[in-house]
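Here is a friendly set of exercises, each with a worked solution. Keep the viewer open, and try each task yourself before reading on.

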Amino acid sequence: MKLFSAFLATYLWFSTLPANAATPGDPADLKCEHLVSPIGIDAKHPRFTWRIADDRPGARQTAYQLYVAEDSSALDNGWTSSKTNTADNLAIYQGQPLKPFTKYYWKVEVWDKDGKKHSAGSSFETGMMEMGNWKGTWISDVNDVDVKPAGLFRKVFQAGKKIRSARAYIAVGGLYELYINGDKVGNHRLDPMYTRFDRRNLYVTYDVTAHLQQGNNAIGVMLGNGWYNHQSTAVWYFHKAPWRARPTFCLDLRVTYEDGSVETITSGRDWKTSLGPVIFNSIYTAEHYDARKEQPGWNTISFNDGKWKNAIPRAAPSTNIVAQAMHPVENVQAIPAKSMRKFSDSVYVFDLGRNISGVSQLTVKGDSGTVIRLVHAEQLYKNGRADLSNIDVHYRPTDDKDPFQTDIFILSGKGEETFMPKFNYKGFQYVEVNSSQPVQLKKESLTGYFMHSNVPPVGKISSSNPVIDKIWAATNNAYLSNLFGYPTDCPQREKNGWTGDGQIAVETGLYSFDGITVYEKWLADHRDEQQPNGVLPSIIPTGGWGYEWGNGPDWTSTIAIIPWNIYLFYGDTSLLAACYDNIKRYVNHIDDLYPSGLTTWGLGDWVPVKSKSPVEFTSTAYYFTDATILAKTAKLLGKSDDYTKYTALAEKIKKAFNDKYLDAQTGMYSKGLQTELSVALFWGLVPEDMKSKTAAHLAKRVEQDNFHLDVGLLGTKAILNALSENGYPDIAYRVASQEDFPSWGWWIVNGATTLYENWDINATRDISRNHIMFGEIGAWLYKGLGGIYPDERQPGFKNVVLRPHFVPGLNHFEAEHNGPQGKIITSWKRKGNKIAYTITIPANSTATVHFDKPNAYLKGKQAGQEVQVAAGTHVFEVR
């Protein structure tokens, strides 16, 4: 009955509002803090966003007004913004302080181009809001960090009255699974997301109303190690992290009864604890599970916990516990095994047919005590067995009890059994199953699960070149495989938040996925990790490694580049404002160390094909970019003195760079390598009157290299863009579409379903088969062929900049990006000697279309090389 009442209240609220897109001009895609109807948020001034669902030509919003209240039937009595005569579709709450644990309803009214009013509503729910609102105690068991089995915790409580609603708030040092009355709560994996645990912890909120019953209820918590208690040993010393301790948690279960009273069930020393069947778990290597140690019903009311011990109170890992307001990690896609090869009754190899991040699930029947080993690999030896030699290079095991990427499952012997790890993920395509006794498996016995932060897709590419389409798909697979609450480099041998990989791939991510919540969380990690002097580590989060190596501006420019891109794509200055002082401290530190304007701090063009550019060249380019972003941000935020100061600094860096590396007569940079020429062009260091000369040198250099790449990580970010944005899109496409070494296509024709770490697929090192660091091509397809760019003067795609390139060798290309205003589509197709170019611009947006030549016609009239169009669909003929 309580579920029906809750449903009815929600239904009546939403039924009073117009359905999304029911009438042209209605608000749609309503979000709070960039999430749909979030619960448990801590933002004191939450952000509200929407778009206008209106496909009429020239559709736009002319004004909006926002309403926020606790009572859905009396929104006028809450906070009401003034009617704002603007097309803005991002607004910030400025009312009375929000209460904790409170559901708020909000409505936006918009006026369309004809002055007609439309409205739609949604809701959000606050969480703790303040640290002092926690009632529970942090608890753990009596074991130390070296104890291997995962802890189980349980408590039975009585709900004496009819329940209206219930929320569980749980913060954990480590990982967890939460159960109520025997059922797992939610579909998240690997919660909470990894942070610098001694500086910031995340808590997660669940609506658990449907899990509870009047009368007795049982809560169960299973704790995993994650990065908090890293028991595996590798080169980054996470096993010596300063926060390391036995996993711990704090839980408040807040129950609201039908009579309005509230009861909070909390974690404390009255909870009971025992060790469970997960006998070892490592986020880095694998998980071991002994089904003989299962305690059936341990998380139900009927279980006898008389032999369990009492939990012990523990200090909180940090004094900063905040809501996890982001898209969670989930088992996003089930992938059945494509094939299985049987070597014997105790050795089988399964092939998923593609490389993924995630876990495998095995169903098997065997005798009690049978030991099953599941070895996860990206490649096979010639004999068909699993080969880990390309991904275990940084692992430093102290014994043979923690094999790399190898789950161990010990059978109970009680019929058919299923195993899937709870506190680990891997990077793999193949799973070799070894058993200590014969077992009978079939292809259907094993399923892979592609796990990642479940960020909504917002982009799409299709073309007449299947290899280009496969490159785009592989790039997305690599990007998602490296998104676990923070961007990583690879999902197997490292799982590290390498800043260089992150800044390279940010545009690729944002064109294809709604990733703002993950990036906002990761930049909070940056702020946690920054030294007082401004220095950032090369991997974030870190247990301390990375402050001494790999962290020059070519890598840790993430602190500026990512917030700037979030601003461009979303039109939201929040992240720039939050990171402003951090960017400033970082730039000031480089200025102190390198007063000349040239810096040698950095790794340089990592894993190049053959030619290596000077570190000073590439790092100074990034230093210039940071100073430029800082100056622009100062202007946005009204900091005029800083704007003047850092504009001058950027000019100083640019002058020093060009004085040393530019031949002012010829436009040549340094030795004229691909990376040198493209980095100078892409990052805006080339003087305006020199761009054509420098671009011509780059085109010639690429031709000399037989239209193939000769770049590393930093050059990869720049080269395609530098060519297509400076008059040579045809050459950029030739490079992008190559199918022999070295190229992205070379990987594809050799079977890649993700991107690799090395151009040479037969390299002896740096050969992870699921890396994102060469992933800029994913963004370039939207830019260099589709021509979609955000407009810095009207960010968030309020005005779309379109610079399509109709390159030879491609007969059709289409790109879509669903931005804050709605879906942008750019599509071109050859028809004999002409090209039909069709664009769709969403409501509340405009577009500036640039053509390479003045040969475009709109409605039979010559359009010129630059055309401004309103929302709607426009068809050009390019003759």
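**Exercise 1.** Classify E70 as buried, partly exposed or exposed from its relative accessible area.

*Solution.* E70 has a relative accessible area of 40%, so E70 is partly exposed. The classes are buried for under 20% relative accessible area, exposed for over 50%, and partly exposed in between, with a 1.4 Å probe and protein chains only.

Before the next task, a word on the ground rules. This is a predicted model, where local features need pLDDT of at least 70 and side-chain atom pairs count only at pLDDT 80 or more, while totals for chains, interfaces and linings use all residues. Residues are numbered from 1 along each chain as its sequence is written, and side-chain values use heavy atoms, with hydrogens and water left out.

**Exercise 2.** Find the salt-bridge partner of E70 and work out where each of the two residues sits.

*Solution.* Step one is the partner: E70 forms a salt bridge with K99, with 3.0 Å between the closest N and O atoms. The term asks for a side-chain nitrogen of Lys or Arg within 4 Å of a carboxyl oxygen of Asp or Glu. Step two is the place: E70 lies in the loop between β3 (63-69) and β4 (79-80), and K99 in the loop between β5 (90-92) and β6 (103-111). The two are 29 residues apart, so the pair links distant parts of the chain. Helices (H or I, at least four residues) and strands (E, at least two) are DSSP runs, numbered from the N terminus. Step three is accessibility: K99 counts as partly exposed because its value is 44%.

**Exercise 3.** For the salt bridges K584 with D642 and K610 with D705, compile the distances, places and accessibilities.

*Solution.* Start with K584 and D642, whose closest N and O atoms are 3.0 Å apart. K584 belongs to helix α7 and D642 to helix α9 (residues 640-661), 58 residues apart along the chain. K584 is partly exposed at 24%, whereas D642 counts as buried at 14%.

Next come K610 and D705, with 3.8 Å between the closest N and O atoms. K610 is placed in the loop between α7 and α8, and D705 in the loop between α11 (691-704) and α12 (713-724), a separation of 95 residues. K610 counts as exposed because its relative accessibility is 57%, while D705 is buried at 14%.

How many salt bridges does the structure hold? The count is 52. Some residues also join into a network: salt bridges link E33, R47, E520 and D572.

**Exercise 4.** Decide whether the aromatic pair of W549 and W606 is stacked, tilted or edge-to-face.

*Solution.* First, recall the rule: rings of Phe, Tyr and Trp (its six-membered ring) pair if their centres lie within 6.5 Å, and planes under 30 degrees apart count as stacked, over 60 as edge-to-face and the rest as tilted. By this rule there are 56 aromatic pairs. W549 and W606 have centres 5.9 Å apart and planes at 75°, which makes the pair edge-to-face. W549 is in the loop between α4 (516-529) and α5 (553-556), and W606 in the loop between α7 (574-593) and α8 (615-636), 57 residues apart. Both are partly exposed, W549 at 36% and W606 at 25%.

For a wider view, display Y194, F197, W227, Y228, F238, W243 and Y486, which ring pairs link into a cluster.

**Exercise 5.** Identify the rings beneath the charged ends of K83 and K107.

*Solution.* A charge sits over a ring if NZ of Lys or CZ of Arg is within 6 Å of the ring centre and within 35 degrees of the ring normal. For K83 the ring belongs to W111, with its centre 4.0 Å away. For K107 the ring is that of Y67, at 4.9 Å from the centre.

**Exercise 6.** Inspect the backbone at P541, P742, M129 and V607.

*Solution.* Take omega first. I540 and P541 are joined by a cis peptide bond with omega about 0°, and P541 lies in the loop between α4 and α5. The bond from F741 to P742 is also cis, with omega near -10°.

Now phi. M129, a residue other than glycine, has a positive phi near 65°, and M129 counts as buried because its accessibility is 9%. V607 is not a glycine either, yet its phi is about 50°; V607 is found in the loop between α7 and α8 and is buried at 10%.
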